[in-house]
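Trainee: I am new to this one. Could you take me through the terms and show how each label is earned?

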Amino acid sequence: HDEQHGWMMSVIVIAVLCALLFYGCFAWTTERVKPIKKQQNSLKSDLQDLLHNRPWWILLGAGVAALVFNSIRDGATVYYFKYYVVEEEYASISLFGISFVLSGLYLAVGQAANIVGVVLAAPLSNRIGKKKTYMWAMSIATVLSVIFYWFDKEQLMLMFIFQVLISICAGSIFPLLWSMYADCADYSELKTGNRATGLIFSSSSMSQKFGWAIGSAVTGWLLAFYGFEANAVQGEEAIHGIRMFLSWLPAMGTVLSVIFISLYPLSEKEMRKINLIVIHCSATCEDRPFTGQALEAAHRRRGFDGTGYHFYIRRDGQILTTRPVERAGAHAHGYNAHSIGIAYEGGLDHYGNPKDTRTEWQRHSLRVLVRALLMDYPDAKVVGHRDLSPDRNGNGEVEPMEWTKQCPCFEVKKEKW
């Protein structure tokens with residue numbers, strides 16, 4: 001009776017915490033991006049667009065395979081430690097006043113490592129791309145899972161170390177999957193003009209549940225196949241099967257996931273359609289050096305996640321790459337999603353007045369850089385930051401009297417790129 005009451009109270013506590021966290025999440029979320037128009041689409045048209053969304057189908061397969069991997073590993077952990085490791089021979093472990101058996105501690109450590117993987121997903125994908133990060137994570141998880149098969153039942157330290165490493169890999173892929181589902185919504189809008197975000201995400205959530213269901217069912221079927229008998233001494237074949245559950249069998253799921261994701265066609269460059277190259281100045285005096293580090297520090301003080309421009313040209317003509325082109329910048333409000341920002345050092349005279357302070361080296365480097373970018377993005381238009389000021393009189397041209405700022409302090413349209 002006490003155990004039943006304990007389980008019930010645990011569920012109640014978890015439910016209350018979840019309700020409070022959900023309420024806080026939505027109550028403190030501010031919708032800053034307002035839709036331009038109200039989009040009304042029929043369910044039939046949304047379904048048709050979804051069925052023709054090839055990247056979504058690929059992610060569906062990758063996601064189901066990844067969840068089968070997780071479901072098999074987690075579902076078989078209790079059997080692995082009870083019948084192979086024989087955790088009853090070990091005393092329970094106490095952490096922070098909570099007692100754990102080996103299988104419980106193993107799963108808890110895995111969940112903590114999952115969180116580490118989630119945290120690492122963003123910086124890694126920003127550096128090498130979402131697709132490559134996903135493939136590397138699942139490939140490493142495959143190799144580690146296969147090696148897991150040969151662990152002797154006394155090698156507990158290695159089991160826990162590999163659990164941490166595999167769980168970090170597994171945790172890192174789920175933020176990537178959701179981010180790529182968002183890319184699928186953008187892709188659908190690009191191809192059809194219809195943005196069925198709700199349907200794409202809800203169907204993707206359904207696929208996750210499908211993956212867990214398949215993994216759980218496969219675990220039960222294969223336990224029976226290997227001759228498993230509950231609460232009994234297991235034969236050699238059953239022990240072999242239980243060891244397979246934490247090694248070769250989940251590795252098959254990761255291999256399938258890697259195969260699917262290798263077919264995923266949407267790269268960061270593909271998703272970021274560049275139609276503007278925006279020229280800026282650092283708005284610093286011509287007689288005062290302003291290094292790349294100083295620029296980054298200034299932008300971080302403004303709350304940016306690094307330098308807002310993609311390139312920065314020093315007075316000696318050196319071109320600094322300050323932000324990957326694949327990442328949206330923070331340099332021209334309202335235009336960042338589809339633009340590349342270039343800034344040159346300077347833009348003010350000795351007294352702080354606007355002035356074209358570009359050296360010959362800067363002019364040359366800027367010309368070379370813009371020409372190179374136009375080869376990659378031939379449809380992009382080159383403009384100065386001030387050219388993006390609102391056309392207040394509506395004559396189709398932004399005139400000097402309409403400029404909200406002087407940056408980049410020279411007439412970009414007169415340059416011969």
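Mentor: Start with Ser-188, which lies in helix α6. Keep in mind that this is a predicted model.

Trainee: Why is Ser-188 called buried?

Mentor: Its relative accessible area is 5%. Buried means under 20%. So Ser-188 counts as buried.

Trainee: What separates the C-alpha atoms of Ser-188 and Asp-49?

Mentor: Along the chain, 139 residues. In space, 7.0 Å.

Trainee: Take Ser-204 next. Where does Ser-204 lie, and is it buried or exposed?

Mentor: Ser-204 lies in helix α7, residues 197–225. Its relative accessible area is 0%. The limit for buried is under 20%, so Ser-204 is buried.

Trainee: What makes the approach of Ser-204 to Ile-200 a polar contact?

Mentor: The side chain of Ser-204 reaches the backbone oxygen of Ile-200 at 2.5 Å. A polar contact needs a pair of N or O atoms within 3.5 Å, one able to donate a hydrogen and the other to accept it. The 2.5 Å distance therefore fits the cut-off.

Trainee: Now the surface. Which residues form the nonpolar patch?

Mentor: Met-8, Met-9, Ile-12, Val-16 and Leu-20. Together they have about 450 Å² of accessible area.

Trainee: How do you know that Met-9 is accessible enough for a patch?

Mentor: Met-9 sits in helix α1, residues 2–27. Its relative accessible area is 35%. A patch takes residues with over 30%, so Met-9 passes. Met-9 is called partly exposed, because that label covers values between 20% and 50%.

Trainee: What makes the other patch negative?

Mentor: Its members are Glu-88, Glu-89, Asp-152 and Glu-154. Asp and Glu count as negative, so the patch is negative.

Trainee: Where does Asp-152 lie, and why is it called partly exposed?

Mentor: Asp-152 is in the loop between α5 (130–148) and α6 (156–192). Its relative accessibility is 38%. Exposed would need over 50% and buried under 20%. Asp-152 therefore counts as partly exposed.

Trainee: Which residue is called exposed, with a relative accessible area of 64%?

Mentor: Asn-231. Exposed means over 50%, so 64% earns the label. Asn-231 lies in the loop between α7 and α8 (236–245). Asn-231 also has a positive phi of about 55°, although it is not a glycine.

Trainee: What about the backbone at Cys-409?

Mentor: Cys-409 has a positive phi of about 70° and is not a glycine. Cys-409 lies in the segment after β9. At 13% relative accessible area, Cys-409 is buried.

Trainee: Which peptide bond is cis?

Mentor: The one joining Cys-407 and Pro-408, with omega about 15°. Pro-408 is in the segment after β9 (381–384).

Trainee: On to charges. How many salt bridges does a search of the whole structure find?

Mentor: Twelve.

Trainee: Why is the pair Arg-327 and Asp-305 called a salt bridge?

Mentor: Their closest N and O atoms are 2.5 Å apart. The limit is within 4 Å, so the pair qualifies. Arg-327 lies in the loop between β6 (319–321) and β7 (339–344), and Asp-305 in the loop between α11 (292–301) and β5 (311–313), so the pair ties together parts 22 residues apart in sequence. Asp-305 is partly exposed at 45%.

Trainee: What makes Arg-314 and Glu-345 another such pair?

Mentor: Their side chains meet in a salt bridge, 2.7 Å from N to O. Arg-314 is in the loop between β5 and β6 and Glu-345 in the loop between β7 and β8 (347–348), so the bridge ties together parts 31 residues apart in sequence. Arg-314 and Glu-345 are both buried.

Trainee: How do you know that Glu-415 and Arg-358 form a salt bridge?

Mentor: The N to O distance is 3.1 Å. That is within 4 Å, so the bridge counts. Glu-415 lies in the segment after β9 and Arg-358 in the loop between β8 and α12 (360–376), so the pair ties together parts 57 residues apart in sequence.

Trainee: Is each partner buried or partly exposed?

Mentor: Glu-415, at 22%, is partly exposed. Arg-358, at 7%, counts as buried. Salt bridges that share partners also join Asp-356, Arg-358, Glu-360, Arg-363 and Glu-415 into one network.

Notes
Residues numbered from 1 in each chain as written. Predicted model: local features only at pLDDT ≥ 70, side-chain atom pairs only at ≥ 80, totals over all residues. Heavy atoms only, no water. Patch = residues over 30% accessible without salt bridge, like charges linked within 9 Å, V, L, I, M, F, W, Y side chains within 5 Å. Areas by Shrake-Rupley, 256 points an atom, 1.4 Å probe, with all protein chains shown as cover. Charge placed at Lys NZ, Arg CZ, Asp CG, Glu CD. Helix = DSSP H or I, 4+ residues; strand = E, 2+ residues; numbered from the N terminus. Buried < 20%, exposed > 50% of the residue type's maximum accessible area, 1.4 Å probe, protein only.
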